[in-house]
Amino acid sequence: MVQQVTNGIKISVKSNFEGTNYRNYRLYYAFSYQVTIENQSNETVQLLARHWKIFDSLNNTEIVEGSGVIGKKPIIKPAESHTYTSNCFLTSPIGAMKGYYNMVNFTTSKMFKVYIPTFQLMVSNIHN
């Protein structure tokens, strides 16, 4: 698990290899990742958007941007958290992800970024 705190918002990420599958005659490696967003500040915040940079060992890079996370824009009060699970597909057995969330502070109405630490995506038995 990797963790990082930005402006009182703690991001924790765990990733897991889910297996392989073929799409359009090409092999893909499927990974899931669970993100917990914990509000350690004294202010209520809302997650508005996400920005991901996904890269693999073949030098493929994908940028994913969008509104909210898994169709939601969670409001997180002080001392509360929001956890969600999502997934991605790589064309190689090793990769990583990093990014940030665009959030708004309800008290000040100010927008700010919360950084998601780089986490590894690796096939379970590749390092045996």
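**Close-up views of the predicted model**

**View 1. The lining of the largest pocket.** By class, nine nonpolar residues, two polar residues and two charged residues line the largest pocket. Keep in mind as you look around that this is a predicted model. The space in the largest pocket comes to about 170 Å³. Its lining is made of 13 residues, and the closest to the pocket centre are Y33, I54, V64, S86 and N87. Strands β4 (45-56), β5 (61-67) and β7 are the elements that give two or more residues to this lining. Which element provides the largest share of the lining? That is β7, with five residues.

**View 2. An open sheet of four strands.** Here the strands follow the order β1-β2-β3-β7 in an open sheet, and their pairing is antiparallel. The edges are taken by β1 (2-6) and β7 (81-90); each has a single partner strand, so one side of each is left without a neighbour in the sheet. From one strand to the next, the twist averages 25°. As a reminder, strands of a sheet pair through backbone hydrogen bonds, in either a parallel or an antiparallel way.

**View 3. Strands β2 and β3 side by side.** How many bridges join β2 (residues 9-23) to β3 (residues 26-39)? There are 14 bridges, and the two strands pair in the antiparallel sense. A handy place to find your bearings is K14, whose bridge partner in β3 is Q34.

**View 4. The hairpin of β1 and β2.** Strands β1 and β2 run antiparallel and are joined by five bridges. T6 has I9 of β2 as its bridge partner. Two residues lie between the strands of this hairpin, and N7 in the turn has a positive phi of about 50°. Is N7 buried or exposed? N7 counts as exposed because its relative accessibility is 54%, and the cut-off for exposed is over 50%. Look across from this loop residue, which lies between β1 and β2, to V114: the C-alpha atoms of N7 and V114 are 7.2 Å apart in space, although the two residues are 107 apart in sequence.

**View 5. Strand β4 and its partners.** This view follows β4 and the strands that pair with it. With strand β8 (residues 94-105), β4 pairs in the antiparallel sense over eleven bridges. In that pairing, H51 has Y100 of β8 as its bridge partner. With β5, the pairing of β4 is again antiparallel, over seven bridges. There, I54 is matched with E62 in β5 as its bridge partner; I54 is also among the residues closest to the centre of the largest pocket in View 1. Strand β6 (residues 75-76) runs antiparallel to β4 and is joined to it by two bridges. In β6, I76 stands opposite V45. Between the strands of the hairpin of β4 and β5 lie four residues, and N59 in this hairpin takes a positive phi near 65°.

**View 6. Aromatic rings from distant parts of the chain.** The whole structure holds six aromatic pairs. One of them, W52 with F119, is edge-to-face, with 5.9 Å from centre to centre and 85° between the planes. W52 belongs to strand β4 and F119 to strand β9 (residues 111-122), so the pair ties together parts that are 67 residues apart in sequence. Are these two residues buried or exposed? Both W52 and F119 are buried. Now widen the view a little: ring pairs link Y33, W52, Y101 and F119 into a cluster. Y33 may look familiar, as it is also among the residues closest to the centre of the largest pocket.

**View 7. Two loop residues with positive phi.** In the loop between β5 and β6 you will find I70. The phi of I70 is near 40°, a positive value in a residue other than glycine. I70 counts as partly exposed because its relative accessibility is 45%, and that class runs between the cut-offs of 20% and 50%. Move on to the loop between β6 and β7, which holds A79. A79 is not a glycine either, yet its phi is positive, about 70°. With a relative accessibility of 74%, A79 counts as exposed.

Technical notes
Residues are numbered from 1 along each chain as its sequence is written. This is a predicted model: local features need pLDDT of at least 70, side-chain atom pairs count only at pLDDT 80 or more; totals for chains, interfaces and linings use all residues. Side-chain values use heavy atoms; hydrogens and water are left out. Two strands pair if DSSP finds at least two bridges between them. Axes are lines fitted to C-alpha atoms, for helices over the stretch in contact, and angles run from 0 to 180 degrees between N-to-C directions. On a 1 Å grid over the protein atoms alone, a cavity is a set of points where a 1.4 Å probe fits but cannot get out, and a pocket is an open set with protein on both sides within 12 Å along at least five of seven lines; lining residues have an atom within 4 Å of a point. Grid points are joined across faces, edges and corners, and a volume is the space filled by probe spheres set on the points. Ala, Val, Leu, Ile, Met, Phe, Trp, Tyr, Cys and Pro count as nonpolar, Asp, Glu, Lys and Arg as charged, and the others, Gly among them, as polar. Rings of Phe, Tyr and Trp (its six-membered ring) pair if their centres lie within 6.5 Å; planes under 30 degrees apart count as stacked, over 60 as edge-to-face and the rest as tilted. Buried means under 20% relative accessible area, exposed over 50%, partly exposed in between (1.4 Å probe, protein chains only).
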